[in-house]
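Let's take a look at a couple of helices and at what sits in the middle of this structure. Keep the 3D view open as you read.

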Amino acid sequence: MTPTRSILFYTAAAALILIPGCKKSEERSASEKPAGTVLKVGIVTDVGGRGDQSFNDSALRGLELWAAGKKYTGTGYVDTTPAEVKATLPPDLAARTPPIEKLPGVTPLVLQSRAQEDYEPNLQLLADQGAGLIIGTGFMLENAIEAAAKRNPDSKFLLIDSPLLDAAGKPFTLPNVRTVVFKEEEGSFLVGAMAGLVSKDGRVGFVGGMEIPLIKKFEAGFKAGVRTTRPEATVLTAYTGSFNNVAAGKQVAQDLIAKGADVVFHAAGSDGLGVIQAVKDARAAGRQVYAIGVDSDQSHVAPDAVLTSMVKRVDLAVYETVRDLAAGRFTAGDAAWGLKEGGVTYAPVRIDFPQRAAVLEKVEDLRRQIIEGSIRVPATDADLASFKP
Amino acid sequence: MLELLEALVWSTLEFAPALIFAALGAVLSERSGTVNVGVEGMMRVGAFAAAAFALVMPTPLAVLLGMAAGALFAAIHAVLCISWRSDQVISGMALNLVALAGITFLLESMFGPSTSPSIAQLGRSGFGPLAQVPLLRALSGHTALTWLAAVLALAFHLVLGRTPVGLRIRAVGEKPSAAATVGVDVIRLRYLCVIGSGALAGLGGAALSTATLDRFEHNMPAGLGFMAVAAMVFGRWSPLGAFGAAAFFAFGRAVQIGLESSFPSVSDVVPKGVLLALPYFLTLVVLTLQGKKSRAPAALGTPWEPEAR
């Protein structure tokens, strides 16, 4: 070992020992140990953390409420009854077989990350505590999961929303890591189909955040969906160039609404709050406009204005992986979850509009066709160009 | 065509105020001789305070308290820079960091990590019959803040250029020792200007959380404060200049957005990043053309020390 190398090594080693000690924001798991085998499942949130009403909350729901049957109260866990858990399941998951129910012995360990530097120490801490499965929510944890998985070959890992990527950006696999990504284009297709049917004037809008391949999947799916149910419709498209600027989202959405869009779908992170606000304002001014949310059910932001949301089922991906592990079926590798796997869907439609039942029936019919494989949903501009409804 | 123009004007009037208030705040502080790069942080404090107070009181009152919170936060800057004579840029940047972390902490402990609960927005005024006339329609449907921004800029211009107090502010920014010899209390005036600057920045932040959105969102103000400082420099440290520059930024953004959605083929020819950078690129061009004519207040960044004449 050369001197420089050894210095690096010792610094890294010291950091590993010290950082978890001082930076933990651990939440106590249930102190009493249930009888039988205990399966510790750890989860490291990204900087959004608990309460983000989106990605992280969804992952936590899959682990704490569904798999462990526990509810987090702010100070600790309380046990829930199966009926309580059942009440949180959307209809399609409640009917799922095998049913979603508490898995015996699962004990959640949750570490929240305050900054990106927390990811790796948090993952390591969970490994040191003997977690059988360690879950990282969000593509931002990709590097940290990779490093932790290599260092702890005996622990199993689940990475949500990204495959493992090497230095050149090429996906690769590790024997102890499962990754789940979502076929956003399929969910976007369904909300696009709904937008096409709901739109009065045949003009709908799409607001993206940064123009990156991930967001392009939403756009391509959405446009294909609109084209399927309303071939003559125009999709006005705009990108805000950011994911953190609500004012930009609102400005862009107002522009689209001023140009006649009456259903606006956003895939723009925080900018999307501005999009929903723009729709809310337009409704207050007497226009019949709807917004479509993304990632989680955003209906609570503006119950009258949000038609539905394109939902990524992070909770389900977490739950199914825990179940696989508990049953000894854990397999490493990459998975892409679409409509068929229940990885994406649209949130329950809570508002009323003309022909509601017929619209929903048509959308459900399209869902069946995608699951059967008779519709292949495009995920890129190139695929979209050759897409024939 | 007329409709396109109308949409541009409407969008500019809607989104410029937050930037204008903050830019005017920056001008007020810097004309009195104190560098203020902490505008971003002061906006954040104002935005959060307005949204939090609006939960328990009428929104216009909460906006005033948002201003007060911005002013209070700026008072720290005043103490550091004027009384303790610390480096003004470092103090401003430190305040930005404190606001980023501190407000995040407050938000999480009070409401959760992403947003505050929704509040009643500031009212929007329709202009009755005016709302039917093409083009003039663009003036209708804004909050009072839009008009306040214009009035404030003009009033600030008049006060700074035409009144004794304006002369004193300019004097302590250009040559504080000269002002002190004729009996101007340099320290006190600078304090007032920095605190006033915080109030204006706080108002800009409150505009985001009470007019643009109906809640505080954890990323606010997402760099707007730095754009305000740029607008101040672009506007050559004058109130009307900063007003014009801020309005120009907002207009440039509206043009870019309008272009993209109305003429999607533009983005096939011009990369999207170029379009996004267009207003700022134009700013650079204008600043380059202005050359040496753009001049900051002479005593800007120099703490006032009565003993060192």
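## Checking a helix with a ruler

The expected span of a helix is 1.5 Å times one less than its number of residues. Keep in mind that this is a predicted model.

Try that rule on helix α3 of chain B, residues 59-83: with 25 residues it should span 36 Å, and its end C-alpha atoms are 35 Å apart, so the two values agree. Just after α3(B) comes B:Arg85, which takes a positive phi of about 55°.

## A helix tucked inside

Now jump to chain A and find helix α10, residues 271-284. Its 14 residues reach 20 Å from the first C-alpha to the last, close to the 20 Å expected.

Is α10(A) largely enclosed or open? Because 12 of its 14 residues are buried, it is largely enclosed by the rest of the structure. Among the buried ones are A:Leu273, A:Val275 and A:Ile276, but also A:Asp271 and A:Lys280. What do they pack against? In chain A, their partners are the strands β11 (203-208), β13 (263-267), β14 (290-295) and β15 (306-312), plus helix α9 (246-258). Just past the helix, A:Gly286 has a positive phi of about 100°.

## The big nonpolar core

The largest nonpolar core has 203 residues, and A:Val264, B:Leu19 and B:Ala228 are among those with the most contacts inside it. Helix α1 of chain B (residues 2-31) gives the most to this core, with 15 residues. From chain A, domain 1 and domain 2 each supply at least three residues.

Zoom in on B:Ala228: the residues it touches include B:Leu19, B:Ala22, B:Val39, B:Gly204 and B:Ala246.

Technical notes:
Residues numbered from 1 in each chain as written. Chains lettered and ligands numbered in written order. Predicted model: local features only at pLDDT ≥ 70, side-chain atom pairs only at ≥ 80, totals over all residues. Helix = DSSP H or I, 4+ residues; strand = E, 2+ residues; numbered from the N terminus. Buried ≥ 20, exposed ≤ 12 C-beta atoms within 10 Å, placed from the backbone. Contact = placed C-beta atoms within 7 Å. Core = buried A, V, L, I, M, F, W, Y, C linked by C-beta atoms within 7 Å. Domains from an automatic or database assignment. Lists of a residue's contacts leave out its neighbours within four places in sequence.
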